[in-house]
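The following note sets out points for a colleague who wishes to review the fold and its interior. The points proceed from a single residue outward to the sheet and the cores.

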Amino acid sequence: MAKYFDVHPDDPQRRLIVTVADLIRSGALVAYPTDSCYALGCRLGNREALGRIRTIRDLDDRHHFTLVCESFAQLGQFVQLDNDVFRTLKAATPGRYTFILPATREVPRQLQHPKKKTVGVRIPEHAVTRALLAELGEPLVSSTLLLPGEEEPMTQGWEIKDRLDHVLDAVVDGGDCGTAPTTVVDFSGGVPEIVRRGAGDPARFE
């Protein structure tokens, strides 16, 4: 049975954030709110939880997982950035974008695209997510909470708790996050390629 945390979306209660962070450090798989849909998240290097995400979402090994980071200093440990790409990403974050970039050696192989050796990264703009990342001091390995056969992700924490109680360790309810996923931009080829149009305005990359 998943533990349930009702967290204020704009002023998250620190005691609840600390408790959730401790659960993640101990190996928990959690559903949590972002500025673009709810997501499934676990600690970097947690292979068991990663497998559970693949099972819940019915994902193959070509799926790009996302490293949700608190800051550019943190993001820069996991992806390779030249100066031009750095400036472009800096202007668009925090925000509703996921960027696909070449992974550094800090990224476990099971998170990388098997052929391209890339990984998705993002810096969200949501008070709950940012508080959780600050408390953790490391990225969350994440995937949008979109279930197989469904066109839109769930938008309410109570619904996630009700439907996924048996496969999650915790649900962080931060209110309605909407149904639009992030806009995904692939920079691995040197020039931006819009892979998915979502909540972030893609115009700046076209």
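1. Leu89 belongs to helix α4 of this predicted model. Its relative accessible area is 0%, and since the limit for a buried residue is under 20%, Leu89 counts as buried. Leaving out residues up to four places away in sequence, Leu89 touches Phe72, Leu81, Phe99, Leu101 and Phe187. One of these contacts, Phe72, lies 17 residues away along the chain, with a separation of 9.2 Å between the two C-alpha atoms.

2. Which residues of α4 are buried along with Leu89? In this helix, which spans residues 83-92, they are Val85 and Ala92. Viewed down the axis of α4, the buried residues fall within an arc of 60 degrees, and therefore they line one face of the helix. Asn83, Asp84, Arg87 and Ala91 are exposed, and they sit on the face turned away from the buried side. The cover over the buried residues of α4 includes α3 (72-75) and β5 (97-102).

3. The N-terminal end of α4 is capped by Asp82. A side-chain oxygen of Asp82 lies 3.2 Å from the backbone nitrogen of Asp84.

4. Strand β5, part of the cover over α4, is itself mostly covered, with five of its six residues buried. With strand β9 (residues 183-186), β5 runs parallel, and four bridges join the two; here Phe99 has Val185 of β9 as its bridge partner. With β6, β5 runs antiparallel, again through four bridges; here Ile100 is partnered by Gly120 of β6.

5. These strands belong to an open sheet of 10 strands with mixed pairing, in the order β1-β8-β2-β3-β7-β4-β6-β5-β9-β10. At the edges stand β1 (3-6) and β10 (193-196); each has a single partner strand, so one side of each is left without a neighbour in the sheet. From one strand to the next, the twist averages 30 degrees.

6. Between strand β4 (residues 66-68) and strand β6 (residues 118-122), the pairing is in the parallel sense and extends over three bridges. Within this pairing, Val68 stands opposite Arg122 of β6. Helix α6 (residues 157-164) packs on the sheet, where it touches β1, β2 (30-33), β3 (38-43) and β8 (170-173). The direction of α6 makes about 165 degrees with that of β8.

7. The largest nonpolar core has 42 residues, and those touching the most other members are Leu67, Phe99, Leu145, Ile160 and Leu168. At least two residues of this core come from each of β3, α2 (47-57), α3, α4, β5, β6 and α6. Helix α2 makes the largest contribution, with four residues. Phe99 thus appears both in this list of core residues and among the contacts of Leu89.

8. What does Leu67 touch, leaving aside its neighbours within four places in sequence? Its contacts are Leu44, Phe78, Val107, Leu111, Val119, Gly120, Val121, Arg122, Pro139, Leu140 and Val141. Gly120, in this list, is also the bridge partner of Ile100, and Arg122, likewise in contact with Leu67, is the residue opposite Val68.

9. A further core of 20 residues lies apart from the largest one. Its members include Phe5, Ala28, Ala39 and Leu136.

Key: Residues are numbered from 1 along each chain as its sequence is written. This is a predicted model: local features need pLDDT of at least 70, side-chain atom pairs count only at pLDDT 80 or more; totals for chains, interfaces and linings use all residues. Side-chain values use heavy atoms; hydrogens and water are left out. Buried means under 20% relative accessible area, exposed over 50%, partly exposed in between (1.4 Å probe, protein chains only). The arc is that of the directions from the helix axis to the C-beta atoms. Contact means heavy atoms within 4.5 Å. A polar contact is a pair of N or O atoms within 3.5 Å; within protein, one must be able to donate a hydrogen and the other to accept it, and residues adjacent in sequence count only if both atoms are side-chain atoms. Two strands pair if DSSP finds at least two bridges between them. Axes are lines fitted to C-alpha atoms, for helices over the stretch in contact, and angles run from 0 to 180 degrees between N-to-C directions. A nonpolar core is a set of buried Ala, Val, Leu, Ile, Met, Phe, Trp, Tyr and Cys residues joined through side-chain atoms within 4.5 Å.
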